[in-house]
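Please find below some notes for your reading of this structure, set out as numbered points. It may help to keep the 3D view open and to look up each residue as it is mentioned.

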Amino acid sequence: MTQPAETRDTHVLQRTAEHLAKRYEGIFSPETVERYVFESYTTLSRTARIRTYLAATAGHFADDRLRALAQSQGKIDSPVPQVLFVCVHNIGRSQIAAALLSHYAGEKVEVRSAGSLPGAEVHPLVVQVLAERGIDLAHAYPKPLTDDVVRAADYVITMGCGDACPVYPGKRYLDWGIADPSERTLEGVRTIVDAIDTRVHALWDQIRD
């Protein structure tokens with residue numbers, strides 16, 4: 001008999017929590033890890049269009065949040081600059097910026113992106129235009145803005161999300177006036193990617209100085 005999807009997901013989440021509890025042993029309690037895993041699943045399930053791999057995706061999201069939390073609390077080292085890009089839906093601008101900076105900087109920077117009101121999936125034209133540049137966004141997904149990733153960041157770059165991003169001392173905040181690609185044509189999205197690319201290059205130069 002085939003298990004209901006929710007039952008299968010629960011089993012996957014429980015295994016993920018056990019795996020991450022071992023990874024973060026001595027840093028976070030198993031209860032904290034499990035809470036993060038199931039909370040991440042619940043949060044993504046409200047918006048994510050992908051359902052088949054939702055539990056696995058939630059596991060990746062929880063892992064990233066736990067890592068960010070540990071970094072912000074000084075429980076694990078942050079050997080490279082931490083950069084967070086934030087827009088409204090995390091389906092366009094912040095995904096583009098994060099992908100471009102990761103492409104140029106590689107392991108010399110740790111990049112995250114998030115949305116104040118995350119959408120269901122990364123915009124298909126954004127995926128297409130970045131693929132033209134040799135950048136694969138096939139496995140990218142919109143993520144909600146959480147306090148842990150903001151606390152972990154050294155640089156927080158916002159794009160049209162207003163006051164949704166909390167402000168903490170000791171971080172460098174930048175606001176980029178970039179148009180939203182969601183209602184643009186393919187050529188319009190290419191123009192937006194070019195504009196973000198210019199700013200990402202300038203940011204990377206600033207980080208390296």
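1. How many Å separate the centres of domain 1 and domain 2, taken over C-alpha atoms? The model you are looking at is a predicted one, and in it the two centres are 23 Å apart when they are taken over C-alpha atoms. Domain 1 covers residues 1-77 and domain 2 covers residues 79-208, and the contact between them takes 17 residues from domain 1 and 17 residues from domain 2.

2. The largest pocket deserves a careful look, and its volume comes to about 480 Å³. Its lining is made up of 21 residues, of which Asp 64, Val 111, Arg 112, Tyr 141 and Lys 143 lie nearest the centre of the pocket. Three elements give two or more residues each to this lining, namely helix H3 (54-72), helix H4 (93-105) and strand E2 (110-115), and it is E2 that gives the most, with 5 residues.

3. Two further descriptions of the lining of the largest pocket can be added. Sorted by class, this lining has 11 nonpolar, 5 polar and 5 charged residues. Sorted by domain, the lining draws at least three residues from domain 1 and at least three from domain 2.

4. The largest pocket should be kept apart in your mind from the largest cavity, which holds about 40 Å³ of space; the count of cavities of 30 Å³ or more comes to 1. The residues that line the largest cavity are Cys 87, His 89, Asn 90, Ile 91, Gly 92, Arg 93, Asp 180, Pro 181 and Ser 182, and by class they divide into 3 nonpolar, 4 polar and 2 charged residues.

5. Helix H3, which was named above as part of the pocket lining, has 19 residues and reaches 27 Å from its first C-alpha to its last, close to the 27 Å expected at 1.5 Å a residue. This helix is mostly covered, since 14 of its 19 residues are buried. After H3 comes Gly 74, whose phi is positive, near 70 degrees. As background for reading any such element, an α-helix has 3.6 residues a turn, so residues three or four places apart point the same way.

6. Is Leu 54, a residue of helix H3, buried or exposed? Leu 54 counts as buried because its relative accessibility is 3%, which falls under the 20% cut-off. Leaving aside residues up to four places away in sequence, Leu 54 touches Tyr 41, Leu 44, Ser 45 and Ala 48. The C-alpha atoms of Leu 54 and Asp 9 are separated by 7.9 Å, although these two residues are 45 residues apart along the chain.

7. Thr 16 lies in helix H1 (residues 5-23), and with a relative accessible area of 17% Thr 16 is buried. If residues up to four places away in sequence are again not counted, Thr 16 touches Val 37 and Gly 59.

8. Pro 169 offers a contrast to these two buried residues, because at 76% relative accessibility Pro 169 counts as exposed, the cut-off being over 50%. Pro 169 is found in the loop between strand E3 (155-159) and strand E4 (172-175). From C-alpha to C-alpha, Pro 169 and Val 109 are 21 Å apart in space, while in sequence they are 60 residues apart.

Conventions:
Residues are numbered from 1 along each chain as its sequence is written. This is a predicted model: local features need pLDDT of at least 70, side-chain atom pairs count only at pLDDT 80 or more; totals for chains, interfaces and linings use all residues. Side-chain values use heavy atoms; hydrogens and water are left out. On a 1 Å grid over the protein atoms alone, a cavity is a set of points where a 1.4 Å probe fits but cannot get out, and a pocket is an open set with protein on both sides within 12 Å along at least five of seven lines; lining residues have an atom within 4 Å of a point. Grid points are joined across faces, edges and corners, and a volume is the space filled by probe spheres set on the points. Ala, Val, Leu, Ile, Met, Phe, Trp, Tyr, Cys and Pro count as nonpolar, Asp, Glu, Lys and Arg as charged, and the others, Gly among them, as polar. Helices (H or I, at least four residues) and strands (E, at least two) are DSSP runs, numbered from the N terminus. Domain bounds come from an automatic or database domain assignment. The expected span of a helix is 1.5 Å times one less than its number of residues. Buried means under 20% relative accessible area, exposed over 50%, partly exposed in between (1.4 Å probe, protein chains only). Contact means heavy atoms within 4.5 Å.
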